[in-house]
Amino acid sequence: MRILHILDHGLPVQSGYTFRTRAILKAQERRGWQVAAVTGPRHGAAADAVESVDGLTFHRTLEPLPGGPLGEMIGIARLARRIGAAVDSFKPDILHAHSPVLGALAGLRVARARGLPLVYEIRAFWEDAAVGNGTGREGSAKYRATRALETWAVQRADAVAVICDGLRGDLIARGVAAEKIVVSPNGVDLDLFGAPVQRDAALAQALDLAGAETIGFIGSFYDYEGLDDLIAAMPALVAARPAARLLLVGGGPMEAALRAQAAASPVAEAIRFVGRVPHTEVERYYALVDVLAYPRKAMRLTDLVTPLKPLEAMAQGRLVAASNVGGHRELIRDGDTGTLFAPDDPAAIACALAGLLADRSGWDARRERARRFVERERNWSSNICRYEPIYQRLCAAASVDGSWQRSSARMTPRPQRR
């Protein structure tokens with residue numbers, strides 16, 4: 001089977017989006033399928049029209065995304081042309097577009113023209129991501145228009161994949177047939193990220209963490225991650241646990257504001273910013289942390305979407321504590337595989353973390369249960385099997401006479417022409 005993936009951006013850019021993409025493509029290759037990808041104009045500059053990164057082939061849309069009110073529509077047209085060219089050279093059996101919806105819209109044009117089935121995979125609703133990133137407002141005209149466009153694309157795709165039950169439930173509430181949707185959850189490539197490394201004493205010393213009780217966050221600094229609440233919790237946490245330290249690894253739109261907040265904190269000396277580190281080095285920082293904290297704020301985005309980072313922490317044998325929002329509840333069983341605390345509440349964060357640091361008696365068993373959960377339910381080597389029935393059904397339907405009943409929940413083949 002040959003699958004052409006349609007992406008907003010890809011490697012060598014480092015993000016949760018590209019790491020999930022890499023895991024999917026590598027797992028599909030191990031399955032024996034042939035894969036390639038097309039990146040859109042928002043990927044940015046590329047040296048060549050076709051590049052190989054980490055053994056994966058990427059067809060680049062070299063024309064940039066123009067500005068102005070028609071910029072996104074022009075970008076869809078440019079991406080569609082690049083997908084068409086990639087179809088000519090790669091000759092896929094199926095197109096697999098990944099959110100945001102711009103990729104699905106471009107993919108639908110090519111799927112219609114070339115008689116190919118299209119799977120549309122949603123990792124987050126674009127309109128909710130804009131609210132979470134501070135670039136949109138829930139209920140605005142643009143929000144409603146983007147939501148309607150997303151629904152339009154989902155209804156016309158031949159099958160839909162989502163990363164969690166929250167997104168699936170939302171689509172069903174919009175009238176999308178449940179049997180058209182498959183959940184392909186976030187996972188960890190345990191071949192790449194499954195062997196925890198030993199604590200680096202020299203690195204701990206350099207960061208003044210020797211002998212510390214270290215709370216960590218490793219990821220992107222967006223407003224919805226709630227890192228301001230975590231920093232606000234530090235005075236109370238240090239009062240209860242004087243050896244407590246906060247290690248923040250990463251960067252993003254909120255970095256300057258968070259650094260300023262930390263500098264003004266009465267426990268500024270207990271807060272460390274490392275900046276971004278290569279993904280190949282991130283395990284060294286996981287090994288320094290006692291508890292990984294994920295204080296996401298309560299909003300539609302965090303209730304519907306499951307994050308990747310807590311799974312990485314579990315795979316690394318780290319203890320996790322997170323806000324009690326819907327996306328976290330799909331991953332963490334409170335008191336069993338992790339700890340959940342009230343969102344948007346620095347006092348609740350401090351209390352939960354202080355309690356964990358004060359009593360380590362059940363840490364080893366909890367970390368082992370969390371690790372087994374990742375191995376059993378969130379391992380890409382098994383997750384990839386969720387795509388196979390969709391691919392096989394669509395390709396079988398298309399092979400009947402090169403077409404199939406569009407927008408049918410069961411993808412029923414059309415009768416053969418006589």
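Two residues are said to be in contact when heavy atoms of one lie within 4.5 Å of the other. This meaning of contact applies throughout the tour, which follows a predicted model.

**First stop: helices α2 and α3**

Select residues 71–90, which form helix α2, together with residues 101–114, which form helix α3. The two helices pack with their axes 8 Å apart, at an angle of about 45 degrees. Angles under 35 degrees count as roughly parallel and those from 65 to 115 as roughly perpendicular; α2 is therefore oblique to α3. The crossing of α2 past α3 is right-handed.

Now display the side chains between the helices. On α2, the residues to show are E72, M73, I76, A77, L79, A80, I83, G84, V87 and D88. They meet L102, G103, L105, A106, G107, R109, V110 and R114 of α3. Sorted by class, this contact consists of eleven nonpolar, three polar and four charged residues.

**Second stop: E72**

Remain on helix α2 and centre the view on E72, which lies in this helix. Is E72 buried, partly exposed or exposed? With a relative accessible area of 36%, E72 is partly exposed. When residues up to four places away in sequence are not counted, E72 touches L65, L102 and W126. Next, add R42 to the selection: R42 and E72 are 30 residues apart along the chain, and their C-alpha atoms are separated by 9.9 Å.

**Third stop: the sheet of eight strands**

Turn to the open sheet whose eight strands have the order β3-β4-β2-β1-β5-β6-β7-β8, with mixed pairing. Its edges are formed by β3 (50–53) and β8 (181–183), each of which pairs on one side only. On average, neighbouring strands in this sheet are turned by 25 degrees against each other, direction ignored.

Within this sheet, select β1 (residues 2–7) and β2 (residues 34–39), which run parallel and are joined by six bridges. Two of the pairs can be picked out by residue: H5 has A37 in β2 as its bridge partner, and L7 has T39 in β2. Strand β2 is mostly covered, with five of its six residues buried.

Two helices that pack on this sheet may be added to the view. Helix α5 (residues 141–156) touches β6 (118–122) and β7 (159–162), and its direction makes about 140 degrees with that of β6. Helix α6 (residues 165–173) touches β6, β7 and β8, and its direction makes about 165 degrees with that of β8.

**Fourth stop: H59**

Select H59, found in strand β4 (residues 56–60). Because its relative accessible area is 7%, H59 is classed as buried, the cut-off being under 20%. Which residues surround H59, leaving aside its neighbours within four places in sequence? H59 is in contact with A36, A37, V38, T39, A49, V50, R82, A86 and S89. Among these contacts, A37 is also the bridge partner of H5, and T39 is that of L7.

**Fifth stop: the sheet of six strands**

Move to the other open sheet, in which six strands follow the order β11-β10-β9-β12-β13-β14 with parallel pairing. Where are its edges? They are at β11 (271–275) and β14 (339–341); each has a single partner strand, so one side of each is left without a neighbour in the sheet. Neighbouring strands here are turned against each other by 25 degrees on average, direction ignored.

For a closer view, select β12 (residues 291–294) and β13 (residues 319–323), which run parallel and are joined by four bridges. V291 has L319 of β13 as its bridge partner. Then add helix α15 (residues 346–358), which lies across β9 (213–220), β10 (244–251), β12, β13 and β14. Helix α15 runs at about 155 degrees to β14.

**Last stop: helices α9 and α10**

Finish by selecting helix α9 (residues 227–240) and helix α10 (residues 255–264). Their axes come within 10 Å and cross at roughly 10 degrees, which means that α9 is roughly parallel to α10. From α9, show L227, D228, I231 and A232; from α10, show L258, Q261 and A262, since these residues make the contact. By class, the contact contains five nonpolar residues, one polar and one charged.

Technical notes
Residues are numbered from 1 along each chain as its sequence is written. This is a predicted model: local features need pLDDT of at least 70, side-chain atom pairs count only at pLDDT 80 or more; totals for chains, interfaces and linings use all residues. Side-chain values use heavy atoms; hydrogens and water are left out. Two strands pair if DSSP finds at least two bridges between them. Axes are lines fitted to C-alpha atoms, for helices over the stretch in contact, and angles run from 0 to 180 degrees between N-to-C directions. Angles under 35 degrees count as roughly parallel, over 145 as roughly antiparallel, 65 to 115 as roughly perpendicular and the rest as oblique. A crossing is left-handed if the near helix is turned anticlockwise from the far one by less than a right angle, and right-handed if clockwise. Ala, Val, Leu, Ile, Met, Phe, Trp, Tyr, Cys and Pro count as nonpolar, Asp, Glu, Lys and Arg as charged, and the others, Gly among them, as polar. Buried means under 20% relative accessible area, exposed over 50%, partly exposed in between (1.4 Å probe, protein chains only).
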